[in-house]
Amino acid sequence: MKLQQLRYLVEVAKQGLNVSEAAEKLHTSQPGISKQIRLLEDELGVQIFIRNGKRVVDVTAPGREILRIAERMLMQAQNLKRIGEEFVNVEGGSLTIATTHTQARYALPETVKAFLERYPKVRLSIKQGSPTQISEMVVEGEADLAVATEGIDHYPELAMLDCYDWNRSVVVPDGHPLTTLERALALEDIAAYPLITYDFAFTGRSKINRAFEQRNLTPNVVLTAIDTDVIKTYVRLGLGIGLIASMAYEPEHDTGLDVIDAGHLFEKSTTHIGIRRDAYLRGYAFDFIQLFAPHLTREVVRQNLLCEAQDADED
């Protein structure tokens, strides 16, 4: 049995049982992958994939178990490399953060700056996507950490660490009638105007919807976006009022806009870090986490990973 065979096996499953796409992803040939998977099946004495002619159409029951173990073995092989790098290449290495636009644009810059000053030889990469996309990046080993508000808890492979709480504000063009209210903003006030806010999968949108539903209100959502800067751009154009994360309003940059606190109208949201339960984190990864969320010390993170792994085993 070879690790390469396991890589082929896992990649075919990842590519929806499409051997050609797996071959392209791994820069090898389709016949080569098919041959190695059949050799592995012969060695194990079970059929992993169900085939219709030359096409792979499904995974057998034992195949699902084999895939689960193969994924774990590949992760542990990657962990072995990281342990070696920890002691051979003390100052260098790489760290990949998967996150949403709002976190990358507004929450992470100071952490990234401080981290690069401390670890100038570490290659830091930031990948952006939806909460689902970034969680899957970590699950599949394409990123080391996920930073997001939504989505991480849907993946049992990931341990989820609480970082900080936040809430929302309404942004309006300068001189908008809502800025002259002599009382606290109400949901009815927001519902009276065209609303521009986040796409449903992003940044606590479910809590926004729930707040309106509880008051039997239907907001007039005219535009949704995954990018807070896009929301603010269309508010400036007068297409509606914007509902955004409060941290995303920058007085020095957001000229032409006024902000109104809406934190009392919605449940708070929590930004989390997601880490594969079985991942080996190098020392600088722990430091990145603590720079972002000071209460998440190395010991706290390790303890959380241990507890999460025990809970997963019990499940």
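The following questions and answers concern the pocket, the sheets and the N-terminal region of this predicted model.

Residues are numbered from 1 along each chain as its sequence is written, and side-chain values use heavy atoms, without hydrogens and water. In this predicted model, local features need pLDDT of at least 70 and side-chain atom pairs count only at pLDDT 80 or more, whereas totals for chains, interfaces and linings use all residues.

Me: Which helix gives the most residues to the lining of the largest pocket?
Reply: A pocket is an open set of points on a 1 Å grid over the protein atoms alone where a 1.4 Å probe fits, with protein on both sides within 12 Å along at least five of seven lines; lining residues have an atom within 4 Å of a point. The lining here comprises 38 residues, with Glu71, Met75, Val139, Arg276 and Asp278 nearest the centre. Helices (DSSP runs of H or I, at least four residues) and strands (E, at least two) are numbered from the N terminus, and those giving two or more residues include H1 (3–14), H2 (19–26) and H4 (61–88). With 11 residues, the one that gives the most is H4.

Me: How many residues of the lining of the largest pocket are charged?
Reply: Asp, Glu, Lys and Arg count as charged; Ala, Val, Leu, Ile, Met, Phe, Trp, Tyr, Cys and Pro as nonpolar; and the others, Gly among them, as polar. The lining has 17 nonpolar and three polar residues, and the charged residues number 18.

Me: Which strands stand at the edges of the sheet E4-E3-E5-E12-E6?
Reply: Two strands pair if DSSP finds at least two bridges between them. This open sheet of five strands has mixed pairing. One side of each edge strand is left without a neighbour in the sheet, because each has a single partner strand; these are E4 (122–128) and E6 (158–166).

Me: What angle does the direction of helix H6 make with that of E4?
Reply: Seven bridges pair E3 (residues 93–99) with E4 in the parallel sense, and leucine 95 stands opposite leucine 124 in E4. Helix H6 (residues 109–118) packs on the sheet, touching E3 and E4, where contact means heavy atoms within 4.5 Å. Axes are lines fitted to C-alpha atoms, for helices over the stretch in contact, and angles run from 0 to 180 degrees between N-to-C directions. For H6 and E4 the angle is about 160°.

Me: Which residue of E10 stands opposite valine 171?
Reply: Another open sheet has the order E9-E8-E10-E7-E11, with E9 (220–225) and E11 (257–261) as its edge strands. Within this sheet, E7 (residues 168–173) and E10 (residues 241–245) run antiparallel and are joined by four bridges. Opposite valine 171 stands glycine 242.

Me: Which residue in the turn between E1 and E2 has a positive phi?
Reply: The UniProt record, an unreviewed entry, places "domain: HTH lysR-type" at residues 1–59; such annotations may be inferred rather than shown by experiment. That span is 59% helix and 15% strand. Four bridges join the antiparallel strands E1 (residues 49–52) and E2 (residues 55–59). They form a hairpin with two residues between them, and the residue with a positive phi, of about 70°, is glycine 53.
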